[in-house]
Amino acid sequence: SSLVAALELRSIDLQSPRNNKEHHTKEMGLRRLILRRGQLFTIQLGFSRPFQPQTDTITFVAETDTGPEPSELLGTRAVFSLSQTWHASVWGASDYTTDSSSLQVSIFTPANAVIGHYTLKIATSQGQGHSVTYPLGTFILLFNPWSTEDDVYLPSEMLLQEYIMRDYGFIYNGHERFITSRPWNFGQFEDDIVDICFEILNKSLYYLKNPSQDCSRRNDVVYVCRVVSAMINSNDDNGVLQGNWSEDYSRGVNPLEWNGSVAILRQWSARGGQPVKYGQCWVFASVMCTVMRCLGVPTRVVSNFRSAHNVDRNLTIDTYYDQNAEMLPTRKQDKIWNFHVWNECWMIRKDLPPGYNGWQVLDPTPQQTSSGLFCCGPASVKAIKEGEVHLPYDTPFVYAEVNADEVIWLFRGGQAQEILAHNTSSIGKAISIKMVGSDQRQDITSSYKYSEGSPEERSVFMKASRKMLGPKRTSSPFLDLLGSGDLVAQPVQLQLHLARTPEWGQDLLLTLLIRRVPHRAHPQGPLRLVVRFCAQALLHGGGTHGPLWRHMMQLNLDSGKGQRQKKLVTGRWNRRDRRKVSSDARVAGEAITQAYKTSALLLYSFEPQELSFHVSERAEVGKALRVHITLTNTLTVALSNCMMVLEGSGLIDGQIANDLGTLVAGHTIQIQLDLYPIKEGPRQLQVLITSNEVKEIKGYRDILVAPARVS
């Protein structure tokens, strides 16, 4: 046998196009090998002579590119020989076929392998002779939701198409009575995004502190999610986005002006990991969705309306009004966001008792620290619904976001004097996601909680309260009052409704409903009421600006059970208010009678500007696609500094930006341009027009791109 020539490697074909198709990664390109764990891939090796299994030995070595010395102990290095059989739980090479001097080999990666960039090498030897090592190339390994053995396995092709493969979607915002949808370009398959995702992991504090341990834990989806949730914000580290809720965005981009994640991730990477300015909750969550879908974890974006930020964990949020119905700023950090956006990732939770697999909340917006870092989750949605707030991670915080009670206080003489209202069901409303396979919104509130006021909901609330407040129960003025039994229902209930859709430059029409509440402790005769109203612009973070207008009226209520309806014409929304109110406002009403006080609150929004656009009938890869965009300025003031940005993964490489100048009131602008689609399949084209006066006018079109016709 010593006369047989050495087995020399002459050619390598990693068969990226074929492997990437089989591993559902062809959207990321066919040039390099991108694989999902727990699944075979095949490569072809050409040698100087036919391979002889009796005498030739081929050993494969796969090592991660990141971290210090890769090791088998840490799972960052695998050594395996060519054999006839393979085991599903370990790296292996088998199923080989020899054809003269070329060898086709199937290589298997276990479903719990570390994700990341790998280098693949082989060593060849004969008998006891010395071995020669040849590099074969590199590949990227991702989570595999198609594999039954992977912790992220999702057994539905329809859900996989939505939560892994779809590269666009909608984010819901506004408030629960007026939900608006914002198109978003996730773009997780754009050229360099997968590399940027691993760059994010490599800049995390976990990696910087202990690189080899961090890399070895990248087989665990719970760990990877947690690291990403900390790295999307920049509160502790060189994370992707810097948050800004100040309304001064002069040093960066107004969060409303982002159209998608790709520009943000590319800017972060190009500037060596400097946080991008600026993000708010929907931007943080949308960028995290891009990163997790790219890494192979089924992910969706969730909006919670009237979302509590309960810092002291007492499950109540206090808001304060003065005698003129004006909402007062509070020094406490507790607040109610008019909406808040987070993520859900799909996974098995081997670290929890049985029953808590499936969707898990991850919230990359920096609100609270968790184990010392600004991150949140994964918290099992099932655990939140059942009030199992002791289960990790950060379940009490998310539980409060959807379940806290709201207590409205009358504030005078420098202190909270009495309760105007106690709302057990005003927080955690219309929890929303994009519907699978459609552009419609789906309400998933029932997966977070039992229906408000039901016996199950109250018993879960009591269970969670006991766990969160403990036997000692942190004292709060509200709990003390509840305990004293002094909380009697008010004799009068107020409700405010809009009588017509609010528009700029028009009077606001409201309807006030007043109802007497029968109770033996209440006065029986006629009542004289003084009702005060106050309108304020509502900020996303739950705060307000000073009053836009006030209103006062006196009313007499007859005795008896009846209700009275009163039409109100209140202050007009002026042009100068336009700068103070982005789109949402609130009107508070407060009624004061001899010994009782009560309140009502109305939230409403102004309709956003409409943008219409049409796309020519047929879209095809590489062929001109004509786009017509029409915008009419319906305001009474000119829109200055108009900028248009078009974006859409698979349709445009990056973005197309156009300066449109000034659009006079009442005028219409028409724009025509040609795009040359890059990828086939369902795509979404997004248009954003910004101006000094109106921050965002958005539109979108779903486009089905046909493959290029072979001529």
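**Helix packing, two sheets, a cavity and some unusual backbone spots**

Let me begin with a pair of helices: α6, residues 221-232, packs against α8, residues 281-295, at an angle of about 145°, and the two axes lie 10 Å apart. Please keep in mind throughout that what we have on the screen is a predicted model. The crossing of α6 and α8 is right-handed. If you want to follow the contact residue by residue, α6 contributes V224, C225, V228, S229 and I232, and these meet F284, V287, M288, V291, M292 and L295 of α8. Sorted by class, the residues in this contact of α6 with α8 comprise 10 nonpolar and 1 polar, with no charged residue among them.

From the helices I turn to the sheets, and here a general reminder may help: the strands of a sheet pair through backbone hydrogen bonds, and they do so either parallel or antiparallel. One open sheet in this model has 3 strands in the order β15-β21-β22, and its pairing is mixed. At its edges are β15, residues 316-321, and β22, residues 415-423, each of which pairs on one side only. Neighbouring strands in this sheet are turned against each other by 30° on average, with direction ignored. Within the sheet, β21, residues 405-412, runs antiparallel to β22 and is joined to it by 7 bridges, and R412 is the residue that stands opposite Q415 of β22.

A second open sheet has 5 strands, in the order β33-β39-β38-β35-β36, again with mixed pairing. Here the edge strands are β33, residues 619-620, and β36, residues 655-663, and each of them pairs on one side only. Strand β35, residues 639-647, pairs with β38, residues 681-690, in the antiparallel sense over 5 bridges, and for E647 the bridge partner in β38 is Q686.

Now to the interior spaces: how many cavities of 30 Å³ or more does the model contain? The count comes to 5, and the largest cavity has a volume of about 80 Å³. The lining of that largest cavity is made up of E162, Y163, G169, F170, F186, R293, R300, V301, I433 and K434. The elements that give two or more residues to this lining are α2 (157-165), β10 (168-175), β14 (299-309) and β23 (429-434). By class, the lining of the largest cavity has 5 nonpolar residues, 1 polar residue and 4 charged residues.

Finally, I would like to point out a few places in the backbone, against the background that most peptide bonds are trans and that most residues other than glycine have a negative phi. The peptide bond from G377 to P378 is cis, with omega near 0°, and P378 sits in the loop between β19 (373-374) and β20 (379-380). Another cis peptide bond joins P392 and Y393, where omega is about 0°, and Y393 belongs to the loop between α9 (381-386) and α10 (395-403). As for phi, E247 has a value near 75°, which is positive although the residue is not a glycine. You will find E247 in the loop between β12 (241-243) and α7 (262-270).

How values were computed. Residues are numbered from 1 along each chain as its sequence is written. This is a predicted model: local features need pLDDT of at least 70, side-chain atom pairs count only at pLDDT 80 or more; totals for chains, interfaces and linings use all residues. Side-chain values use heavy atoms; hydrogens and water are left out. Axes are lines fitted to C-alpha atoms, for helices over the stretch in contact, and angles run from 0 to 180 degrees between N-to-C directions. Helices (H or I, at least four residues) and strands (E, at least two) are DSSP runs, numbered from the N terminus. A crossing is left-handed if the near helix is turned anticlockwise from the far one by less than a right angle, and right-handed if clockwise. Contact means heavy atoms within 4.5 Å. Ala, Val, Leu, Ile, Met, Phe, Trp, Tyr, Cys and Pro count as nonpolar, Asp, Glu, Lys and Arg as charged, and the others, Gly among them, as polar. Two strands pair if DSSP finds at least two bridges between them. On a 1 Å grid over the protein atoms alone, a cavity is a set of points where a 1.4 Å probe fits but cannot get out, and a pocket is an open set with protein on both sides within 12 Å along at least five of seven lines; lining residues have an atom within 4 Å of a point. Grid points are joined across faces, edges and corners, and a volume is the space filled by probe spheres set on the points.
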